[in-house]
Each structure stands twice: as structure tokens, then as C-alpha cells.
Amino acid sequence: MSKQPQTSHRTIDARSGTDTLIKPGELIDLVEVTPLTLTDRRIYNQLLENAWEAIDKPVMHVISKTDLRGNHNSNDRIGESIERLMSAIVKMDVIWDGKPAVERVQLLGGNVETARADGLFEYEIPARLRKVIGNSTVFARLQREVMFALSSKYALTLYEMVQKRGKLRWKSSETFTLEGLRGVLGVPKGKLTSWSNLRLRAIDPAVAEVCALSDYMVEIAPIKTGRRVTHVELKWWRKDGDATGETERALSFASPGRRQRAAQKPEGQGTAPVIPGQTPPRPRPAWLDRKGEALRSETYETARLRFPGYDIYNIEGQWRDWSRDKPAADDPDRAFLAFFRRFAEANPL
């Protein structure tokens, strides 16, 4: 009697949980030809989750714009993200006719957005991508709370990479070329070209956040060929009980709506609270006192989380110089964060 061939479990048969969502592995280890932002990636994960029950079918999916908007009051960010996702081209390594190949696909198809702020967004998954997802057998299970707590696209991508690999019994590390890692992380061309800048601005902050907020400890070690770093080794291991408790406290601290309570600890104005697993922030320099009083502690902490890698106090100095001859802001903390967002968009790391 002949043996029946073993069949792999299909990704589309997996189901999201109350606090988790499913993402096909092919949509994690891909290279962005068109760079995306943290907001783009979060929204795309939500679109995938919403469409999951029929994601391999040629149908239109509908989601409330309120669900996509999250904590933001404006739909402008949704529209900008949707347009970037529509124009985004990604490439992924696949097996085609039994041989390695590179496949290029668009992330999002045609869509309709109703004019009402609380209206609906209707969209479709491109046919080529539906086929990739239908054939997928590897996926990551992402925790929603972690996805929204991570503050950079590099951290979110690294988190997804580790979630995809974390349960492999025979593997706890993987080697990437330096350019390969840059591609998967979505580093824009011409940015962070040296290893030192890439590590300082992208890798180290991402590793610190993933270690603090996920169930895994992560390490990215450089590998040199001669004097140059040409490869990196990604290592991961699951946390023990004590470290898991630190993760829960870090998530409680980092989650929107609960951050303010943690910031009320007597740490002194102008000093950002410390998240477990991250380097304590340096004190606000004295030269800034001559430009104005310190902002609230939670404002600095929010800036650190939203814009990792930037010199927060240098940006505050630029904001104060820019606003010197302008009417005083009703809410300086909110005005500073808005200035920081525009600065970061105009000067990406």
C-alpha cells in the first residue's frame, strides 16, 4: 500500500484570536521597492485581518474607517497610507516550478472610500497576491497590543520576523546579507548607508523595543568579510518567566491611554520614563532652559517612542526657534509633537 503524501497546513486555514492576527510569512520577508511607513504597515495588517475569511477570493472587502483611524481624529493619514499601499511594489523569494524565483506584486488593489468621516472603506486584494497567500504555508501570529505599541517601522518589521521564526524547533538564528536585511527592514535607498548609522538609527532601537515588548529576546550581530560588515546574524530566544513579567509591565506602560499613569511617577519634569530593556534617556540639557520651560514628561517619552533615533532635545530647540516669533501655542506639548512629526517626515532616518 502506498503512503499518502503529507500535506502542509495552509496559512489561510489559520484563524486570528481575540488578541492576535495572522500574517503570511511571504508578506514579512519581502523587500519594499516602494518604502512604507509605520502607519502604512499597521493599516495593511488591519486590512489583511479584516479580509482574512475570504482573502483568497476575488471579492471586495469592507471595513470601517473608524477602525483604521484608531486614535487619530483625521482620515487624512488613512488616505495617504492607502495611496502608498496601492503604489507599493514588493518583491519576495518564492519557488516557481520547483526552482527559486523572485516574484513582484502590488500590495493593494482598487478601492472606494466614502466621504463621511465615520464611513466605510471598500478594497480588493490583487489577484497575484491572492495566489501567493493561498499557497502560503508559513505565517506569523502577531499580538495586536504589541503591533500598536512598537514605535518604528523597523521595530514592527523585526517583531514580525521573529514571530514568524520563533516557534521553529530546529532553528534559533538566521544569517542575512547586510543589503538583504536593509531590504526587509524597508530602509530607503541612500539612507543609513554605513553599518554604524544603520545600527545606531534602525537596528539598535528596534532590537531594544522588540526585546522590551515581545515574548522574545533578540540580537543582531555583525559579520565581517575583511574589514567590512557584509552580513548579520539574527538570533532569537523565548523569554523566561521573569522576563515575561517585564514585558507585560512594558506593554502596560507603552499602551495608549495607560502611558500617562506611568508618567505620573515622581521622575521630575522634562525626564522621560524608562521602558524595561531600553537605555535610560539623557537629561534635558541646560541650554534648553534658556529657550523655554520643559514640556511634560510624557511628551518627551511619546517623542522617544514615536521617533526613535532622533535627538529629541535638538528637535525641541529647532521647534522653539521656529515658534519664537509666532503666537504662543494653546497646547505646547501637542504643538511640539506635531512639529516633530513634520520634521521626521521631511528628514527620514
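Q: What makes two strands a pair?
A: Two strands pair if DSSP finds at least two bridges between them. In this predicted model, strand 10 and strand 11 (residues 228–238) are joined by ten bridges and run antiparallel. Ten bridges satisfy the requirement of at least two, so strand 10 and strand 11 count as paired. Within this pairing, Glu219 has Lys235 in strand 11 as its bridge partner.

Q: What is the strand order of the open sheet that contains strands 9, 10 and 11?
A: The order is 9-11-10, and the pairing is antiparallel. Strand 9 (173–177) and strand 10 (216–225) each have a single partner strand and therefore stand at the edges, with one side of each left without a neighbour in the sheet. On average, neighbouring strands of this sheet are turned by 20° against each other, direction ignored.

Q: Which strands does helix 6 touch when it is said to pack on the sheet?
A: Helix 6 (residues 153–165) touches strand 9, strand 10 and strand 11, and its direction makes about 100° with that of strand 10. Contact requires heavy atoms within 4.5 Å. Helix 7 (residues 178–185) also lies across strand 9, strand 10 and strand 11, running at about 100° to strand 9.

Q: Why is one side of strand 3 and of strand 6 left without a neighbour in the sheet?
A: These strands belong to an open sheet of three strands in the order 3-7-6, with antiparallel pairing. Strand 3 (61–64) and strand 6 (111–113) stand at the edges because each has a single partner strand. The twist averages 15° from one strand to the next. Strand 3 and strand 7 (residues 120–123) are joined by four bridges in the antiparallel sense, which meets the minimum of two. Ser64 has Leu120 in strand 7 as its bridge partner. Helix 1 (residues 38–51) packs on this sheet, touching strand 3 and strand 7, at about 125° to the direction of strand 3.

Q: What makes strand 1 mostly covered?
A: A residue is buried when its relative accessible area is under 20%. Five of the five residues of strand 1 (residues 20–24) are buried, so the strand is called mostly covered. Thr20, Ile22 and Pro24 point one way, while Leu21 and Lys23 point the other way, and all are buried. Five bridges join strand 1 to the antiparallel strand 8 (residues 139–143), where Arg141 stands opposite Ile22.

Q: How many residues of helix 11 are buried?
A: Eight of the ten residues of helix 11 (residues 297–306) are buried, and the helix is mostly covered. Among them are Glu298, Tyr300 and Leu305. For the protein chain, 46% of the 349 residues count as buried.

Q: Which residues lie nearest the centre of the second largest pocket?
A: Gly25, Asp29, Val138, Lys164 and Arg165 lie nearest the centre, among 30 lining residues. A lining residue has an atom within 4 Å of a pocket point. Strand 8 supplies the largest share of the lining, four residues. Strand 4 (89–96), strand 8, helix 6, strand 9 and helix 7 each supply at least two residues. The space in this pocket is about 840 Å³.

Notes: Residues are numbered from 1 along each chain as its sequence is written. This is a predicted model: local features need pLDDT of at least 70, side-chain atom pairs count only at pLDDT 80 or more; totals for chains, interfaces and linings use all residues. Side-chain values use heavy atoms; hydrogens and water are left out. Buried means under 20% relative accessible area, exposed over 50%, partly exposed in between (1.4 Å probe, protein chains only). Axes are lines fitted to C-alpha atoms, for helices over the stretch in contact, and angles run from 0 to 180 degrees between N-to-C directions. On a 1 Å grid over the protein atoms alone, a cavity is a set of points where a 1.4 Å probe fits but cannot get out, and a pocket is an open set with protein on both sides within 12 Å along at least five of seven lines; lining residues have an atom within 4 Å of a point. Grid points are joined across faces, edges and corners, and a volume is the space filled by probe spheres set on the points.
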